[in-house]
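Colleague: I'd like a close look at one part of this model rather than a tour of everything. Please pick a stretch, say what it packs against, and then follow the contacts outward from there.

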Amino acid sequence: MWLLIAFIAVPLIEIALFIQVGGLIGLWPTLLIVLITAVLGTWLVRTQGAMALGQLRSSFSDLRDPTEPLVHGAMILFAGALLLTPGFFTDAVGFALLVPSIRTAAYRAIRARVQIHSFEGPRPSGPQRRPADDVIEGEFEEISERPRRREGTSGWTRGHDSKH
């Protein structure tokens, strides 16, 4: 239900803001502002996204919980979508999501509602191999080679001449 309300409310808010701002400063300055925010937003999303990706890689290499960098990356991606959507309200929300302290506050609010029980790296399965153990025991059976088929034929074309 909240998603339906958002899909109705956001376009109405954007239309109202376009009318108000356009009436105040005119059509061309309004369109110029929308274009500038899209370009600036794209640049900010690229730089912040690269930093978030670096933090995610660092958390993986240090075997730390990657939840926070993943959430930051998702919020940056969402901010990029909002900044590419023409409008003042979506731009304001998109730029707000590019502020690290706002993302951190949003992450904490989300984390308060979601319980993460544990995070562990992958554990090896099966028997553990000792480093000095380089002997592999096993049984084998020698199998003779099957006769080869003629080149260019397959089970699908068997019985048909391929040079019609």
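Modeller: Along the sequence the protein chain reads α-α-α-α-α, and the secondary structure amounts to five helices and zero strands. Helices here are DSSP runs of H or I with at least four residues, strands are E runs of at least two, and both are numbered from the N terminus. Before going further: this is a predicted model, where local features need pLDDT of at least 70 and side-chain atom pairs count only at pLDDT 80 or more, while totals for chains, interfaces and linings use all residues. Numbering starts from 1 along each chain as its sequence is written, and side-chain values use heavy atoms, with hydrogens and water left out.

I'd pick helix 2, residues 27-61. With 35 residues, helix 2 reaches 51 Å from first C-alpha to last, close to the 51 Å expected at 1.5 Å a residue; the expected span is 1.5 Å times one less than the number of residues. The buried positions on helix 2 are Thr30, Val34, Thr37, Ala38, Gly41, Val45, Gln48, Ala52, Leu56 and Ser59, where buried means under 20% relative accessible area, exposed means over 50% and partly exposed lies in between (1.4 Å probe, protein chains only). Those residues pack against helix 1, helix 3 (67-84), helix 4 (88-97) and helix 5 (100-113). For the wider picture, 18% of the 164 residues in the protein chain count as buried.

Now the lead-in to helix 2. Helix 1 has 24 residues, which should span 34 Å at 1.5 Å a residue, and its end C-alpha atoms sit 33 Å apart, so the two agree. After helix 1 comes glycine 26, with a positive phi near 100 degrees. Helix 1 (residues 2-25) then packs on helix 2 at about 125 degrees, with axes 7 Å apart. That makes the pair oblique, the class left over once angles under 35 degrees count as roughly parallel, over 145 as roughly antiparallel and 65 to 115 as roughly perpendicular. Axes are lines fitted to C-alpha atoms, for helices over the stretch in contact, and angles run from 0 to 180 degrees between N-to-C directions. Phe18, Val21, Gly22 and Ile25 of helix 1 meet Leu27, Pro29, Thr30, Ile33 and Val34 of helix 2, contact being heavy atoms within 4.5 Å. That set comes to seven nonpolar, two polar and no charged residues; Ala, Val, Leu, Ile, Met, Phe, Trp, Tyr, Cys and Pro count as nonpolar, Asp, Glu, Lys and Arg as charged, and the others, Gly among them, as polar.

At the far end, leucine 63 comes just after helix 2 and has a positive phi of about 55 degrees.

Next, two of the partners. The axes of helix 3 and helix 4 come within 8 Å and cross at roughly 155 degrees, which makes the two roughly antiparallel. Here Met75, Phe78, Ala79, Leu82 and Leu83 of helix 3 meet Thr90, Asp91, Val93, Gly94, Phe95 and Leu97 of helix 4, giving eight nonpolar, two polar and one charged residues. Threonine 90 is buried at 6% relative accessible area and, beyond its neighbours within four places in sequence, is in contact with Val10, Glu14, Leu82 and Thr85. Over on helix 3 sits histidine 72, also counted as buried at 7%. With the same neighbours set aside, histidine 72 is in contact with Pro100, Arg103 and Thr104.
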